[in-house]
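Could you walk me through this model in the viewer, telling me what to select at each stop and what I will find there?

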Amino acid sequence: MNIKTNKIVHIITGLKSGGAEKNLFNIVINDKSFEHIVISLTKNGFYENILKKQNIETHIFNFKSPILIIPNIFLLLWVLLIKKPIIVQTWMFHADIIGALFGKLLFKKVIWNIRHSNFENVKFKYTLLLQIHKFLSFMPNKIICCANSIKKTYIQRGYNKRKLRVIFNGVNTYKIRDLKKIKHNKNKITIGFVGRWSNQKNFLFLFKIIHYIKNCKNKNDITFLLIGENLNHQNKDLMKLVNRFNAFSQIKIFKKTSNIENFYSKCDFTFNCSFYGEGFPNVLAESLACNKPCFAFNSGDAKLIVNKYGFIYNTR
């Protein structure tokens, strides 16, 4: 019997339904060479229960609470001391900083994951965080970037290029292979949109497109299928957009799922609205792997991913 002795502790800011979270999930589920332990710095994430059901050891902290920060710091140190990982791998800025400080304090190898390609429209409160991140960038042994555009951006920002490595996001083609083929009505077109509710995903632009298509002459019957973190009828800001553009009959909102391939199977093609902040958009790789062409803005590595199997638009 193969007894696993090598442990990797992953520290991530949260376990909501997003690109970083999904890639972490795919690694810990599919890699059998190491024992993976996940630490989330915040509560109530989409992947919390899914990881536990897959028997992945998962520790949930609450660093958002000012009262619990000090106890959480000691608990996090205790987990690292008890588990004795050979590597501390971190995901996203807050986790990078905490993982670097705690990992090096315990003389562990530290690997950062960077997934943000540029800093247009960054909120003022994050500027200090970004400066601390840059200041501590000498601490990790390696820094993984999920896109060429990210590596280029961080070299320009003064990060050590010898530490930066590009590893693209992957797609589980076994799930796609087993998908049932859905016959689509030629007179109806379904456009898929995958993304969490945030300014970066540019929902205003999406609804302008929906509104434009709705008012076109000789239009086909077109429906937009939406799925992502906080995309639901309880989201008041989303419902305001739906009302503003009178788009009730043009959209259908799906519940979050860890089996996103089934969602793509319902689409004729997909649409990505992000004008900034993207590195390697999972939606593009997943969509193309499911045989669905994409429309995307030329952000991050979108042009490299889409290639000739979709359409890149360069203006807003």
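Helices and strands on this tour are DSSP runs, numbered from the N terminus, with at least four residues for a helix (H or I) and at least two for a strand (E). Keep in mind as you click around that this is a predicted model.

**Stop 1: Asn62**

Start by selecting Asn62, in the loop that runs between strand 3 (57-60) and helix 3 (69-83). Is Asn62 buried or exposed? Its relative accessible area is 19%, and because buried means under 20%, Asn62 counts as buried. Now show what surrounds it: apart from neighbours within four places in sequence, Asn62 is in contact with Leu41, Lys43, Leu68 and Asn72.

**Stop 2: helix 3 against helix 4**

Next, bring up helix 3 together with helix 4 (residues 93-105). Two packed helices are described by the angle between their axes and the distance between the axes. Here the angle is about 50 degrees and the axes are 11 Å apart, so helix 3 and helix 4 are oblique to each other. The crossing of helix 3 and helix 4 is right-handed. To see the contact itself, select Ile73, Leu76, Leu77 and Leu80 on the helix 3 side, then Ile98, Phe102 and Leu105 on the helix 4 side. Colouring this contact by class gives seven nonpolar residues, with no polar and no charged ones.

**Stop 3: Leu129**

Move on to helix 5 (residues 127-135) and pick out Leu129. Leu129 is buried, at a relative accessible area of 13%. Which residues does Leu129 contact, leaving aside neighbours within four places in sequence? They are Phe93, His94 and Ile97. For a distance label, try the C-alpha atoms of Leu129 and His94: the two residues are 35 apart in sequence, and the label should read 7.8 Å.

**Stop 4: two positive phi values**

Phe107 is the next selection, in the loop between helix 4 and strand 5 (109-114). Check its backbone: phi of Phe107 is positive, at about 60 degrees, although the residue is not a glycine. Phe107 is also exposed, with a relative accessible area of 77%.

Then jump to Asn246, which sits in the loop between helix 9 and strand 10 (251-253). Asn246 is another residue other than glycine with a positive phi, in this case near 50 degrees.

**Stop 5: helix 8 beside helix 9**

While you are in this part of the chain, show helix 8 (residues 203-214) and helix 9 (residues 236-244). Their packing angle is about 25 degrees and their axes lie 10 Å apart, which makes helix 8 roughly parallel to helix 9. The crossing of helix 8 and helix 9 is right-handed. Turn on side chains for Phe203, Leu204 and Phe207 in helix 8, and you will find them meeting Leu238, Leu241, Val242 and Arg244 in helix 9. This contact of helix 8 with helix 9 has six nonpolar residues, no polar ones and one charged.

**Stop 6: Asn232**

From there, go to Asn232, in the loop between strand 9 (221-227) and helix 9. Asn232 is partly exposed, with a relative accessible area of 27%. Not counting residues up to four places away in sequence, Asn232 touches Leu238, Met239 and Ile253. If you would like a distance across the model, label Asn232 to Leu51: these residues are 181 apart along the chain, and their C-alpha atoms are separated by 23 Å.

**Stop 7: Phe168**

Now select Phe168, in the loop between strand 7 (164-166) and helix 7 (173-177). Its relative accessibility is 40%, so Phe168 counts as partly exposed. Beyond neighbours within four places in sequence, Phe168 is in contact with Cys146, Ala147, Asn148, Phe280, Asp301 and Leu304. With Phe280, 112 residues away along the chain, the C-alpha separation is 7.1 Å.

**Stop 8: the cysteines**

Cys146, met at the last stop as a contact of Phe168, leads to a final topic. How many disulfides are there when a pair of cysteine sulfur atoms must be within 2.5 Å? The count comes to zero. Cys146 is in no disulfide, and the nearest cysteine sulfur, in Cys145, is 7.7 Å away. Cys146 is buried, at a relative accessible area of 3%.

Finish at Cys267, where the closest cysteine sulfur belongs to Cys290 and lies 9.0 Å away, too far for a bond. Cys267 is buried as well, with a relative accessible area of 0%.

Notes
Residues numbered from 1 in each chain as written. Predicted model: local features only at pLDDT ≥ 70, side-chain atom pairs only at ≥ 80, totals over all residues. Heavy atoms only, no water. Disulfide = S-S within 2.5 Å. Buried < 20%, exposed > 50% of the residue type's maximum accessible area, 1.4 Å probe, protein only. Axes fitted to C-alpha atoms, helices over the stretch in contact; angles between N-to-C directions. Parallel < 35°, antiparallel > 145°, perpendicular 65-115°, else oblique. Left-handed = near helix turned anticlockwise from the far one by under 90°. Contact = heavy atoms within 4.5 Å. Nonpolar A, V, L, I, M, F, W, Y, C, P; charged D, E, K, R; others polar.
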